[in-house]
Structure formats: structure tokens, C-alpha cells
Amino acid sequence: MKNSDCIFCKIAQGKIPAKKVGESNNFIAVLDANQKIRGHTLIIPKKHFVTLLDIPNKLGEELLKFTKEIASKILETKQGDAFNILMNNLEPAGQVVKHAHIHILPRKEGDSVKIIS
Ligand code: 5GP
Ligand code: ZN
């Protein structure tokens with residue numbers, strides 16, 4: 001697949017709409033289109049990387065800082081009392097969109113959500 005066909009590249013470039021909830025130099029945070037869990041957020045690198053293994057180490061600190069910032073916001077705004085961080089890397093692990101992304105899943109006491117590990 002060409003990068004020009006990548007849905008998350010298009011979101012990062014503002015070519016298709018998404019509900020942006022934050023941005024850093026190299027990452028954006030948008031609400032997942034499928035809000036099965038309310039506040040489900042995706043951390044997406046602005047550049048096209050396929051999996052975690054492709055993201056340069058030099059972006060690691062920014063990625064961690066930005067992910068923590070968005071997760072903190074989820075707690076502060078009471079969208080969740082807790083959160084899961086999940087990343088599917090490659091198809092057998094459930095990766096559907098072939099542009100690396102981290103899921104942040106807000107959780108509430110007794111919500112009975114089952115995260116498949
Ligand atoms: P994956 O299974 O690849 O880890 O997850 C892809 C996620 O991207 C899914 O949770 C899916 O709902 C979300 N998604 C797919 N297409 C779009 C889109 O066009 N916009 C947004 N905001 N999320 C999307
Ligand atoms: Zn892409």
C-alpha cells in the first residue's frame with residue numbers, strides 16, 4: 001500500500017476529518033472512530049511508520065511524554081478513572097491500520113471491559 005492511500009497519514013495531514021484532542025511536534029491524538037469505549041483515543045505519528053519497531057528511538061521520549069499528557073487529560077476530565085495502553089503490531093496481533101498507533105482506553109470502576117492481551 002502506498003503511503004498516499006494511508007488513512008492515518010491523511011488524518012495527520014488534515015485531509016480527512018478526525019476529532020483531534022492533542023498534538024505535539026511529531027504526534028497527534030485523535031478520538032477513535034469507533035467509540036465502543038467512550039474517549040478511546042489513538043496516538044498517531046505524523047510520519048508514516050508501520051509498527052513500533054519503525055518509530056525512531058529519538059522520538060521515544062516525545063511519544064512517552066505525549067501519551068502521558070493525553071492519558072492524564074482523560075483522568076483529569078473524568079472520562080476515565082483509569083486507562084489501558086494497547087498497541088497492535090502487525091496483522092496477527094490485530095493491526096488493521098498499517099500506520100503505527102497507540103490506543104488509550106479510558107476505564108471506569110466495574111465497567112467489565114475485557115481487554116484481549
Ligand atoms: P488497529 O486494529 O489497527 O490497532 O486499530 C485501528 C483503529 O483505528 C480501530 O480502533 C478503528 O476504529 C480506528 N479507525 C479506523 N479508521 C479510522 C478513521 O478513519 N478515523 C479514526 N479516528 N479512527 C479510525
Ligand atoms: Zn500512514
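Select Leu90 to begin: this residue sits in the loop between β4 and β5, where strands (E, at least two residues) and helices (H or I, at least four) are DSSP runs numbered from the N terminus. Although Leu90 is not a glycine, its phi is positive, at about 75 degrees. The model is predicted, with local features requiring pLDDT of at least 70 and side-chain atom pairs pLDDT 80 or more, while totals for chains, interfaces and linings use all residues. Residues are numbered from 1 along each chain as its sequence is written, chains are lettered from A and ligands numbered from 1 in the order in which they are written, and side-chain values use heavy atoms, with hydrogens and water left out.

**A second positive phi**

Move next to Lys78, in the loop between α2 and β4. Lys78 is not a glycine either, and its phi is positive, near 60 degrees. With a relative accessibility of 61%, Lys78 counts as exposed; the classes are buried under 20% relative accessible area, exposed over 50% and partly exposed in between, with a 1.4 Å probe and protein chains only.

**The ligand site**

Select ligand 1 and the residues around it. The shell holds 15 residues, the closest being Asp32, Gly94, Val96, His101 and His103; a residue belongs to the shell if one of its heavy atoms lies within 4 Å of the ligand. By residue type, the shell divides into 8 nonpolar, 6 polar and 1 charged. In this division Ala, Val, Leu, Ile, Met, Phe, Trp, Tyr, Cys and Pro count as nonpolar, Asp, Glu, Lys and Arg as charged, and the others, Gly among them, as polar. Helix α1 (residues 7-12) supplies the largest share of the shell, 3 residues.

Which backbone atoms should be displayed around the oxygen and nitrogen atoms of ligand 1? Show these three:

- Val96: a polar backbone atom is 2.7 Å from an oxygen atom of ligand 1.
- Gly94: a backbone N or O atom lies 2.8 Å from an oxygen atom of ligand 1.
- Ala33: a backbone N or O atom lies 3.2 Å from a nitrogen atom of ligand 1.

Taken alone, ligand 1 exposes 520 Å², and the protein buries 79% of that. Accessible areas come from the Shrake-Rupley method with a 1.4 Å probe; for residues, only the protein chains shown count as cover.

**From Gly94 to Ile28**

Keep Gly94 selected and add Ile28, which lies in strand β2 (residues 27-31). The two residues are 66 residues apart in sequence and 22 Å apart in space, C-alpha to C-alpha. Ile28 is buried, at a relative accessible area of 3%.

**Salt bridges**

The whole structure contains 4 salt bridges, each defined as a side-chain nitrogen of Lys or Arg within 4 Å of a carboxyl oxygen of Asp or Glu. Take first the pair of Lys46 and Glu23, whose side chains meet at 2.8 Å, N to O. This pair links distant parts of the chain, 23 residues apart: Lys46 is in the loop between β3 (41-45) and α2 (60-76), and Glu23 is in strand β1 (residues 20-23). Both ends are partly exposed, Lys46 at 27% relative accessibility and Glu23 at 44%.

Now select Lys98 and Glu91, which form a salt bridge at 3.5 Å, N to O. Lys98 is partly exposed, with a relative accessible area of 29%, whereas Glu91 is exposed at 58%.

Continue to Arg107, in strand β5 (residues 102-107). Is Arg107 buried or exposed? Arg107 is buried, with a relative accessible area of 16%. Its salt bridge partner is Asp111, with the closest N and O atoms 2.8 Å apart; Asp111 counts as partly exposed at 24% relative accessibility. Elsewhere, salt bridges that share partners join Lys20, Glu23 and Lys46 into one network.

Return to Arg107 and add Asn84. Their side chains make a polar contact at 2.6 Å; such a contact is a pair of N or O atoms within 3.5 Å, where, within protein, one must be able to donate a hydrogen and the other to accept it, and residues adjacent in sequence count only if both atoms are side-chain atoms.

**A nonpolar surface patch**

Finish with Phe83, in strand β4 (residues 82-86). Together with Leu75 and Ile85, Phe83 makes a nonpolar surface patch of about 240 Å². Patch residues have over 30% relative accessible area and no salt bridge; like charges are joined within 9 Å, and nonpolar side chains (Val, Leu, Ile, Met, Phe, Trp, Tyr) within 5 Å. Phe83 itself is partly exposed, with a relative accessible area of 36%.
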